[in-house]
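Student: Could you take me through one part of this structure slowly, strand by strand? I'd like to see what it pairs with and what holds it in place.

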Amino acid sequence: QVQLVESGGGLVQAGGSLRLSCAASGRTFSTYAMGWFRQAPGKEREFVATINWSGGGTYHADSVKGRFTISRDNAKNTVYLQMNSLKPEDTAVYYCAAKQSPNAYVGYDYDYWGQGTQVTVSS
């Protein structure tokens, strides 16, 4: 089983930045594609970004493209989401997920999920 633990969420003013981290257990972290998702109160879970095994291939949702950047450090078993120019509509619980795939994966059927971390953006 793969365990994922998110951290780095918190309160930030609109226009500010946060960096989320997701620490993964196990020795096979580098064989998984990773993704970030978010869910605001009363709304469906939304895809944010994904990254492939090596970290060389990424895809970001249009809503965050140019503002958010996904990256990974396989030596540290960690994936990151750098969030810049934050907007109030970015307020949500952010989830890290792992998919047993070599490619960046745009979908919702990931194999493992973290517990989530709250991001709140004030105006």
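Tutor: Sure, let's start with the sheet: four strands make up an open sheet in the order S1-S3-S8-S7, with antiparallel pairing. At its edges stand S1 and S7 (68-73), each with a single partner strand, so one side of each has no neighbour in the sheet. On average, neighbouring strands here are turned by 15° against each other, direction ignored. Keep in mind that this is a predicted model.

The strand to zoom in on is S3, residues 18-24. Five of its seven residues are buried, so S3 is largely enclosed by the rest of the structure. As a bit of background, strands of a sheet pair through backbone hydrogen bonds, either parallel or antiparallel.

Take the S1 side to begin with. S1 covers residues 4-7, and four bridges pair it with S3 in the antiparallel sense. You can follow that register by eye: leucine 4 sits opposite alanine 24 of S3, and serine 7 has serine 21 as its bridge partner in S3.

Now go to the other side of S3. Strand S8 (residues 78-83) runs antiparallel to S3, and six bridges join the two. One pair to look for is cysteine 22 with valine 79, its bridge partner in S8.

Cysteine 22 deserves a second look, since a disulfide joins it to cysteine 96, with the sulfurs 2.1 Å apart. Cysteine 22 lies in S3 and cysteine 96 in strand S9 (residues 92-99), so the bond ties together parts that are 74 residues apart in sequence. The torsion about the S-S bond is about -80°, which means the disulfide is left-handed. How buried are the two ends? Cysteine 22 is buried with a relative accessible area of 0%, and cysteine 96 also counts as buried, at 0% relative accessibility.

One more residue belongs in this picture: threonine 117, which is found in strand S11 (residues 117-122). Leaving aside neighbours within four places in sequence, threonine 117 is in contact with Glu6, Ser7, Gly8, Gly9, Leu20, Ala92, Val93 and Tyr94. For glycine 9 there is a polar detail too: its backbone nitrogen lies 3.3 Å from a polar atom of the threonine 117 side chain. Is threonine 117 buried or exposed? It counts as buried, at 11% relative accessibility, because the cut-off for buried is under 20%.

Methods:
Residues numbered from 1 in each chain as written. Predicted model: local features only at pLDDT ≥ 70, side-chain atom pairs only at ≥ 80, totals over all residues. Heavy atoms only, no water. Buried < 20%, exposed > 50% of the residue type's maximum accessible area, 1.4 Å probe, protein only. Pairing = 2+ DSSP bridges. Polar contact = N/O pair within 3.5 Å; in protein donor to acceptor, adjacent residues only side chain to side chain. Contact = heavy atoms within 4.5 Å. Axes fitted to C-alpha atoms, helices over the stretch in contact; angles between N-to-C directions. Disulfide = S-S within 2.5 Å.
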